[in-house]
Every structure is written in structure tokens, then in C-alpha cells.
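Let's walk through this one together, starting from a single side chain and working outwards. Keep the viewer open as you read.

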Amino acid sequence: MVFGKERLRRARFAVAAVFCVHGAVTGSFATRIPWIQDHAGVSAGQLGLALAFPALGASAAMPLAGAVSHRFGARAALRGLLALWTLSLVLPALAPGVYTLCGTLFVYGATAGMSDVAMNALGVEVENRLDKSIMSGLHGMWSAGALIGSACGTLAAHLGVDARVHHLVAALVLTALGLVFCQGVLDLRSAPDEEPPPRFALPPRSALVIGAIGFCGVFAEGASLDWSAVYLRDELDASAGLAAASTTAFALTMAVARLVGDRVVDRFGAVRTVRAGGAAATAGGLLVVSAPHPAVAMAGFGLIGLGVAVVVPLAFAAAGRSGPNPSQAIAGVATITYTSGLIAPSAIGGVADATSLTVSFGLVTLLTFGLVLGAGVLRTAGRTSDPASTAKTARTPH
């Protein structure tokens with residue numbers, strides 16, 4: 001199916017809005033975690049266990065998204081999966097204890113993962129048909145949505161609004177917006193004689209190789225987001241306010257870099273962009289581990305954020321062009337990156353307990369250098385300017 005340029009532009013804006021909605025759910029949830037912990041009556045250790053379940057749910061459910069898209073078509077699949085994700089926001093705040101909290105977070109993560117893969121595959125399809133990079137900007141819109149959701153959640157918490165009420169209102173609003181925005185995405189359908197994808201399948205080899213790059217980027221991202229403030233406080237004796245500011249600065253750096261990253265990718269290509277980003281992140285890691293002053297470490301964390309910002313978007317884009325079954329490849333890369341995000345915070349803590357946080361971020365620095373060495377795996381056959389030839393590239397989106 002061939003779409004005109006105006007239709008593709010509308011589809012680009014529509015999928016960007018979907019990314020924003022998806023991010024807003026995450027931001028809304030994250031700001032009310034303290035309320036949820038108190039309501040469920042769980043300890044810090046039990047909360048840490050429960051917070052592993054979203055990634056477990058996502059990893060378990062993402063392989064199902066291909067079958068859903070094959071059966072119902074791209075637009076209907078995204079509409080339904082996104083609605084399940086936005087509505088699942090109400091569940092964690094209702095949990096009365098640790099077991100129900102784990103269960104609700106598993107469902108929350110499962111719907112997050114399936115809708116995540118669906119919107120990324122549609123983003124890759126639009127990128128291929130437009131013949132220019134848009135994935136970095138789409139992930140920048142996700143970051144913008146997360147910031148909006150967290151700002152609203154912060155306000156609700158400040159006003160003392162019950163999280164059950166806050167999340168119910170947010171879920172209804174975001175569900176309505178998601179349904180509206182999904183109307184503008186491409187309505188791709190599988191050919192009548194096309195064999196449906198397996199419900200569960202191991203990721204193809206291409207996804208494992210590309211996913212390794214995503215793993216390095218997400219590990220550095222998760223470690224910096226969760227531990228930068230602790231690093232400044234414990235290793236450099238920074239004040240609580242300055243330590244918290246380092247996390248905010250890191251998040252903003254990533255969001256801005258993603259929003260402008262498409263222009264860089266179109267100018268220099270994915271491989272050179274990731275290599276340069278990996279070099280910047282490695283330099284940032286070296287600044288962090290050798291910093292004599294909090295300001296130097298903050299600059300280092302900023303460089304890490306700048307360097308890894310476009311890695312995940314480009315990994316998804318490369319997966320979508322890596323073989324005959326792009327939806328399976330995208331699901332594989334998504335599973336690997338979710339796993340990296342799951343283990344990074346605990347791995348940093350474990351290494352820090354055995355040695356120090358400085359050694360932990362030495363490990364992060366080694367992984368960012370892996371981006372320099374491994375960026376070549378993102379060199380695929382590339383996009384084609386012929387829309388008809390890309391019609392089969394991601395017909396079954398995740």
C-alpha cells in the first residue's frame with residue numbers, strides 16, 4: 001500500500017502523539033510511587049521487588065504483539081494495546097499488599113511492553129516511507145510525555161490528591177487522547193495469504209546483535225538516572241539539592257538530544273552518530289569516575305545522557321530493517337533493552353556494595369565504549385525511497 005507525502009506527515013505526527021501519551025503514563029506512575037508504597041504497606045525491599053515486575057511483564061508479553069497486529073491490523077492493534085496500557089495505570093494504586101502490587105505491576109508492564117513495540121514498529125514504518133530519520137524525535141516525544149506526566153503527578157502529590165483518584169482521571173484522559181491520536185496512524189494489514197507470526201519466538205540473530213548495542217545504551221541510561229544523585233551525595237559530598245539537580249539535568253539532556261537527534265542522524269548516519277555518541281558518553285564516564293568536584297561529575301553525567309540518547313531509537317530503526325520479519329526483530333530488541341533497564345540499577349548497587357560507586361561507573365564507562373566498538377551493527381541495508389518496496393518492511397507492527 002502506497003501513501004502520499006501528506007498522509008505520511010499526518011501519520012508521523014499521530015505516532016509522535018502516541019509516543020507522548022505512552023510516556024505520560026510512565027511519568028504519572030513514577031511520581032506516585034511513594035503513595036503507592038504507603039498504601040500497600042510494603043517495605044523498601046518489597047517495593048524494590050515489586051518494581052521488577054513491570055519489566056518481567058513486558059518481556060513476557062512483547063512476543064504476543066506480532067500476532068495481535070497480524071490479526072487485527074496495525075491501527076486497531078495499537079489502539080487496543082495503547083488503551084490497555086493507559087487504563088492499567090489505575091491498577092497499582094489499588095493494590096492492598098505486596099502480592100497484589102506485584103501482580104498489578106506485571107499487568108502494567110505487559111501492556112506497556114506490547115504497546116511500546118507496536119508504536120515503535122509503526123514509527124519505523126513511517127520512517128522507512130518518508131526516507132528520513134524520525135525515531136530519535138519520536139523517543140524525544142516519549143521523554144516529553146514523561147516530563148508532562150511527572151509534572152502533573154508532582155502537582156497532584158503536592159495538593160495531597162489520592163493517587164487512586166489522580167490515576168483514574170489521568171487514565172481516562174490519556175485513554176481518550178490515545179484513541180483520538182491512533183486514528184491518524186497508518187492502517188497497515190497483512191496480506192490474506194501471509195502466514196501469521198508465532199505467538200512466542202526466540203529473537204532472530206540480527207535482533208541479538210543490535211540488541212547488544214541497545215543493552216549498553218539502556219544500561220548507562222538506567223544507571224545514571226537511578227544513581228547519579230547518590231553518586232554526587234556519597235562520593236563527592238554534594239548537597240541534596242545539587243545531587244537531585246544532576247538527575248534532572250541528565251533527563252533533560254536526553255530529552256533535548258532525542259528531539260534534535262534526527263537531524264544529526266540524517267546528516268551523518270546512524271553508525272557515525274552512535275560512535276560519536278559513544279565517545280561522548282565514554283568521556284562523560286571518565287569525568288564521573290575521576291571528578292574532584294560535583295560540577296565535573298554533573299558535566300560527565302550530562303555527556304553520558306547526550307551520548308546514549310539516540311541509541312535506543314536507532315536500535316529499533318535498525319531492527320525494523322534487519323530482516324524478513326521486522327516485527328519479531330523489534331520485539332527482540334525491545335526485550336533486550338527492557339532487560340537491561342531491569343538489571344542496571346541492581347547491578348550498579350551490587351558492584352558498589354562489593355567495591356564502590358566509582359568502580360560501578362567504571363563499568364558503565366566500559367559499556368559506553370562498547371557503543372564506539374559496536375556501532376557498525378546498525379549499518380543495515382538502509383531505507384529506500386520507494387514506498388511500495390517498504391510496504392512489507394513492517395507490515396506487522398509491534
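Ser246 is a buried residue, because its relative accessibility is just 2%, and the cut-off for buried is under 20%. You'll find Ser246 in helix H11. Bear in mind that you're looking at a predicted model. So what does the side chain of Ser246 have for polar company? A polar atom of that side chain sits 2.5 Å from the backbone oxygen of Ala243. If you skip the neighbours within four places in sequence, Ser246 is in contact with Ser228, Ala229, Leu232 and Met298.

Two of those partners, Ser228 and Leu232, turn up again on H10, in the contact that H10 makes with H13, and Met298 is there on the H13 side. Two packed helices are described by the angle between their axes and the distance between the axes. For H10 and H13 (residues 294-308), the angle is about 175° and the axes are 10 Å apart. H10 is therefore roughly antiparallel to H13. On the H10 side, the contact is made by Gly217, Ala220, Glu221, Ser224, Ser228, Tyr231, Leu232 and Leu236, while H13 brings Pro294, Ala297, Met298, Phe301, Ile304 and Val308. Sort these residues by class and you get ten nonpolar, three polar and one charged.

Glu221 is on that list for H10, and Glu221 also has a salt bridge with Arg258, at 3.7 Å from N to O. This pair ties together distant parts of the chain, with Arg258 in helix H11 (residues 240-268), Glu221 in helix H10 (residues 205-236), and their positions 37 residues apart. Are the two partners buried or exposed? Both Arg258 and Glu221 are buried.

How many salt bridges does the structure hold? There are five, and two others make a nice contrast with the one above. Arg129 and Glu125 meet in a salt bridge at 2.3 Å, N to O. These two are about one helical turn from each other, because they are four residues apart in helix H7 (residues 98-130). Arg129 and Glu125 are both buried.

Now look at Arg9, which forms a salt bridge with Glu6, with the closest N and O atoms 2.8 Å apart. Here, too, the separation is about one helical turn, because Arg9 and Glu6 are three residues apart in helix H1 (residues 5-30). Arg9 is partly exposed, as its relative accessible area is 40%, and Glu6 is also partly exposed, with 43% relative accessibility.

Stay with H1 for a moment and follow it to H9 (residues 163-182). The axes of H1 and H9 come within 9 Å and cross at roughly 170°, so H1 is roughly antiparallel to H9, given that angles over 145 degrees count that way. H1 contributes Ala14, Ala17, Val18, Val21, Ala24, Val25, Ser28 and Phe29. Facing them from H9 are His166, His167, Ala170, Leu174, Leu177, Gly178, Phe181 and Cys182. The tally for the contact of H1 with H9 is twelve nonpolar, four polar and no charged residues.

Thr26 is in helix H1 as well. It is partly exposed, with a relative accessible area of 26%. Which residues does Thr26 touch, not counting those up to four places away in sequence? They are Trp85, Tyr108 and Trp142. Thr26 and Gly145 are 119 residues apart in sequence, and their C-alpha atoms are 8.5 Å apart in space.

Another threonine to click on is Thr282, in helix H12 (residues 270-290). Thr282 counts as buried because its relative accessibility is 13%. Its side chain is joined to that of Thr368 by a polar contact of 3.2 Å. Beyond the neighbours within four places in sequence, Thr282 is in contact with Thr365, Thr368 and Phe369.

Finally, zoom out to the whole chain. The secondary structure comes to 16 helices and zero strands. Of the 398 residues in the protein chain, 52% are buried. Among the contacts with a separation of 6 or more, 86% are between residues 24 or more positions apart.

Note on methods
Residues numbered from 1 in each chain as written. Predicted model: local features only at pLDDT ≥ 70, side-chain atom pairs only at ≥ 80, totals over all residues. Heavy atoms only, no water. Salt bridge = Lys/Arg side-chain N within 4 Å of Asp/Glu carboxyl O. Buried < 20%, exposed > 50% of the residue type's maximum accessible area, 1.4 Å probe, protein only. Polar contact = N/O pair within 3.5 Å; in protein donor to acceptor, adjacent residues only side chain to side chain. Contact = heavy atoms within 4.5 Å. Axes fitted to C-alpha atoms, helices over the stretch in contact; angles between N-to-C directions. Parallel < 35°, antiparallel > 145°, perpendicular 65-115°, else oblique. Nonpolar A, V, L, I, M, F, W, Y, C, P; charged D, E, K, R; others polar.
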